[in-house]
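Trainee: Could you take me on a close look at one part of this protein? I would like to follow a single residue and see what surrounds it.

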Amino acid sequence: MIDLSTRAPHVMLSTRGRRRLNGGGPRTGTVAAFLTPFFLPFLLFYVAPVGYALWQSFRVVRRTGGQYGTSYTVFGGFEQYAQVFQNTEFWNSIGRIGLFGIVQVPVMLFIALVMALLLDTPLLRLKAFFRVTAFMPYAVPGVIAAIMWSYLYSPQLSPVVELLKGMGWQPDFLGPGAVLWSAANVSTWLWTGYNMLIMYAALQAIPQELYEAAKIDGAGDWTIAWRIKVPIIAPSIVLTTVFSIIGTLQLYAEPAVLRQISSNISSTFTPNMLAYAVASGNNYQQAAAISVVIAVITFVLSFGFMRLTSKKAGL
């Protein structure tokens with residue numbers, strides 16, 4: 001029997017210990033060098049602005065000597081937030097954007113899902129062409145897309161309006177009852193292809209053996225699509241829904257551009273437009289409080305949706 005107590009101390013070292021002595025493990029400096037290109041911009045352009053907005057939201061401006069006296073900023077606690085919750089325009093914008101999301105998001109994702117399923121079927125020809133064509137609107141900046149659609153909505157310039165008038169219709173895409181849905185149409189046109197590609201990529205990962213087994217059992221294309229494909233790609237549908245919820249509450253470019261040609265869109269049409277309008281009036285503390293409230297609502301809605309659907313989607 002070998003007496004381990006008589007062996008040299010270095011023999012008793014574990015493999016991890018020898019690796020550390022030999023310098024084979026990851027070094028802190030090397031890890032930091034690889035992580036710095038990500039964390040530095042993340043801290044500068046995400047964490048720092050969020051922290052600054054949060055700090056500003058707890059401050060208020062006081063004046064001495066009347067309206068034109070000297071102003072100074074002090075800690076005001078939740079005073080800015082109390083004003084936000086008492087602001088009727090804020091709640092009107094939240095209700096407006098809520099109605100927008102309840103209608104636009106399901107419609108957009110349903111169209112994206114149908115398009116992804118069609119691209120995944122072997123019956124469709126020219127798949128690459130249709131995939132690129134569907135994705136092209138996403139490559140157009142939101143402001144440019146809104147300008148393009150504003151031309152199509154304009155009663156004086158739009159060939160679409162002229163065509164519909166020639167058929168006996170009197171469309172008013174910028175009227176008080178339609179302008180919200182005109183903005184929704186621009187968002188749907190922009191983002192449907194992006195969501196379609198996420199779902200289509202998930203469909204490509206499904207093993208073909210599942211389809212063959214289903215066909216052997218007598219399942220048709222419709223049954224395979226809605227009973228096999230859709231449940232399997234449920235996580236990607238949840239993901240695109242969360243992205244859409246976040247994007248809905250951040251809506252700004254489309255109504256801001258349409259506002260230039262329509263008097264039915266005010267400067268407080270959406271929560272983001274309200275925050276910008278308040279900041280334009282040099283009330284940065286109030287704008288910061290509005291932004292923080294929007295961020296909290298976005299987090300609650302997106303996280304709550306994920307919690308409700310995570311078990312069913314297999315997340």
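Mentor: Happy to! Let us begin with a word we will need: two residues are in contact when they have heavy atoms within 4.5 Å of each other. Keep in mind, too, that this is a predicted model. The protein averages a pLDDT of 86, and 89% of the residues score at least 70. Confidence is lowest in helix α1 (residues 15-21), with a mean of 48, and highest in helix α13 (residues 271-280), at 95.

Now pick out L203. Setting aside neighbours within four places in sequence, L203 is in contact with A116, L117, D120, Y211, K229 and I233. That list leads us in two directions: a nonpolar core and a charged pair.

Take the core to start with. The largest nonpolar core has 21 residues, and L203 is among those that touch the most other members, together with L113, A116, L117, M196, M199 and I233. Where do the core residues come from? Helices α4 (88-120), α8 (179-204), α9 (208-216) and α10 (221-232) each supply at least two of them. The most come from α4, which gives 8 residues. A general idea helps here: in soluble globular proteins, nonpolar side chains tend to be buried together. Apart from this core lies another one, of 18 residues, including Y153, L174, V179 and L251.

Next, the charged pair. Two of the residues that L203 contacts, D120 and K229, also meet each other: their side chains form a salt bridge, at 2.8 Å from N to O. K229 sits in helix α10 and D120 in helix α4, so to speak two distant parts of the chain, 109 residues apart, linked by this pair. Are these partners buried or exposed? Both K229 and D120 are buried.

A search of the whole structure finds 2 salt bridges, which gives us something to set beside this pair. In the other, the side chains of E79 and R62 meet at 3.0 Å, N to O. E79 belongs to helix α3 (residues 79-85) and R62 to strand β1, so this bridge ties together parts that are 17 residues apart in sequence. E79 is partly exposed, with a relative accessible area of 28%, and R62 is partly exposed as well, at 32%.

So when you turn the model, start at L203 and find A116, L117 and I233 on one hand, then D120 and K229 on the other; L203 contacts each of these.

Key. Residues are numbered from 1 along each chain as its sequence is written. This is a predicted model: local features need pLDDT of at least 70, side-chain atom pairs count only at pLDDT 80 or more; totals for chains, interfaces and linings use all residues. Side-chain values use heavy atoms; hydrogens and water are left out. pLDDT is the predictor's confidence in each residue, from 0 to 100. Helices (H or I, at least four residues) and strands (E, at least two) are DSSP runs, numbered from the N terminus. A nonpolar core is a set of buried Ala, Val, Leu, Ile, Met, Phe, Trp, Tyr and Cys residues joined through side-chain atoms within 4.5 Å. Buried means under 20% relative accessible area, exposed over 50%, partly exposed in between (1.4 Å probe, protein chains only). A salt bridge is a side-chain nitrogen of Lys or Arg within 4 Å of a carboxyl oxygen of Asp or Glu.
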